[in-house]
Amino acid sequence: MANTNIIAIDGPAGAGKGTLTKKLCEHYGFAGLDTGSLYRAITLCMIEMEQNMDDINLEFAIALTQKLSDTHKILEYAKNPKIRSQLTNKYVASVAKIPEIRTIMRKYQIDFGTNPPDLPDGRKAKGAVIEGRDIGTVICPNAPVKFFITASPETRASRRLKEYLDQGESASYQEVLASIIARDEADRTRATSPMKQADDAIVINTSENSKEQTFEVAKKIIDERLHITFD
């Protein structure tokens with residue numbers, strides 16, 4: 001039987017989607033998928049294969065994406081901390097906007113939501129939390145729970161800068177802020193599956209929220225809409 005317990009989380013980079021997804025998965029026993037990490041994984045793989053990222057070879061990129069998807073190797077790359085590096089961030093929007101790559105990834109993401117994999121400890125997942133930028137509008141338009149997580153560009157830039165510094169990378173706040181704003185524009189204006197708030201999505205602004213406050217807001221809504229049993 002296809003899974004119907006799907007939580008769709010959309011929003012821009014650095015808004016807190018990943019943290020919320022992790023906390024929800026831990027609480028409810030759901031499988032989680034960061035769809036942005038999939039595009040980052042493809043980008044990182046291309047960078048490590050020394051592809052020209054300023055003039056992407058579309059045929060190569062599409063074939064690589066299909067291979068990574070078919071073999072599930074994409075999930076291994078998605079665990080690499082380098083997917084959050086400044087170099088990956090610089091090029092991921094260029095990869096993510098390629099229609100053929102989005103088509104392959106769309107099928108991968110839909111399959112994940114319909115048939116979520118078992119949890120790392122072997123338990124069967126009770127549902128799926130999928131985060132990205134077009135989950136509530138394109139990937140899972142019928143999801144019973146949809147959130148749009150947002151925060152000011154300045155707040156998101158500060159968070160991203162901390163990530164870079166924690167990884168030992170040098171960066172300036174102004175550079176990171178400019179990158180955040182450029183990424184937002186690219187995500188909003190791309191021709192295929194642009195970032196867009198679903199009409200029935202609930203907006204949570206995390207600019208002033210703690211991680212726990214955001215979780216509690218989301219949990220209250222989920223408990224009202226889904227009936228999850230706990231072992």
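**From an exposed glutamate into the helices**

E50 is exposed, with a relative accessible area of 73% (exposed means over 50%, buried under 20%, partly exposed in between, with a 1.4 Å probe and protein chains only). You can find E50 in the loop that joins helix 2 to helix 3 (helices are DSSP runs of H or I with at least four residues, numbered from the N terminus). Before we go on, note that this is a predicted model, in which local features need pLDDT of at least 70 and side-chain atom pairs pLDDT 80 or more, while totals for chains, interfaces and linings use all residues. Residues are numbered from 1 along each chain as its sequence is written, and side-chain values use heavy atoms, without hydrogens or water.

What is the phi of E50 near? Phi of E50 is near 60°, which is a positive value in a residue other than glycine. Most residues other than glycine have a negative phi. Now look at H72, another residue that is not a glycine and has a positive phi, this one about 65°. H72 sits in the loop between helix 3 and helix 4, and helix 4 covers 73–77. With a relative accessible area of 47%, H72 is partly exposed, whereas E50 is exposed.

Let us turn to the helices on either side of the E50 loop. Helix 2 covers residues 35–48 and helix 3 covers residues 58–71. The two pack at an angle of about 120°, and their axes are 11 Å apart (axes are lines fitted to C-alpha atoms over the stretch in contact; angles run from 0 to 180 degrees between N-to-C directions). Which residues meet here? On the helix 2 side they are I42, C45 and M46, and on the helix 3 side A61, L64, T65 and L68 (contact means heavy atoms within 4.5 Å).

Helix 2 has another partner to explore. Helix 2 and helix 6 pack at an angle of about 135°, and here too the axes are 11 Å apart. From helix 2, T35, L38, Y39 and I42 take part, meeting I101, R102, M105, Y108 and Q109 in helix 6. I42 therefore appears in both meetings: in one I42 faces helix 3, and in the other I42 faces helix 6.

Follow Q109 a little further. Q109 belongs to helix 6, which covers residues 99–114. Is Q109 buried or exposed? Q109 is buried, with a relative accessible area of 1%. Setting aside neighbours within four places in sequence, Q109 is in contact with L33, T35, L38, Y39, I130, I135 and I139. Among these contacts, T35, L38 and Y39 are helix 2 residues that meet helix 6.

A buried residue can also be found in a loop. I83 lies between helix 4 and helix 5, and helix 5 covers 86–96. With 3% relative accessibility, I83 counts as buried. Leaving out residues up to four places away in sequence, I83 touches S37, R40, A41, L44, Y77, A78, T88 and N89. How far is the C-alpha atom of I83 from that of A61? They are separated by 17 Å, and the two residues are 22 residues apart along the chain.

To finish, look for Y28 and F30. Both Y28 and F30 are buried, whereas E50, our starting point, is exposed.
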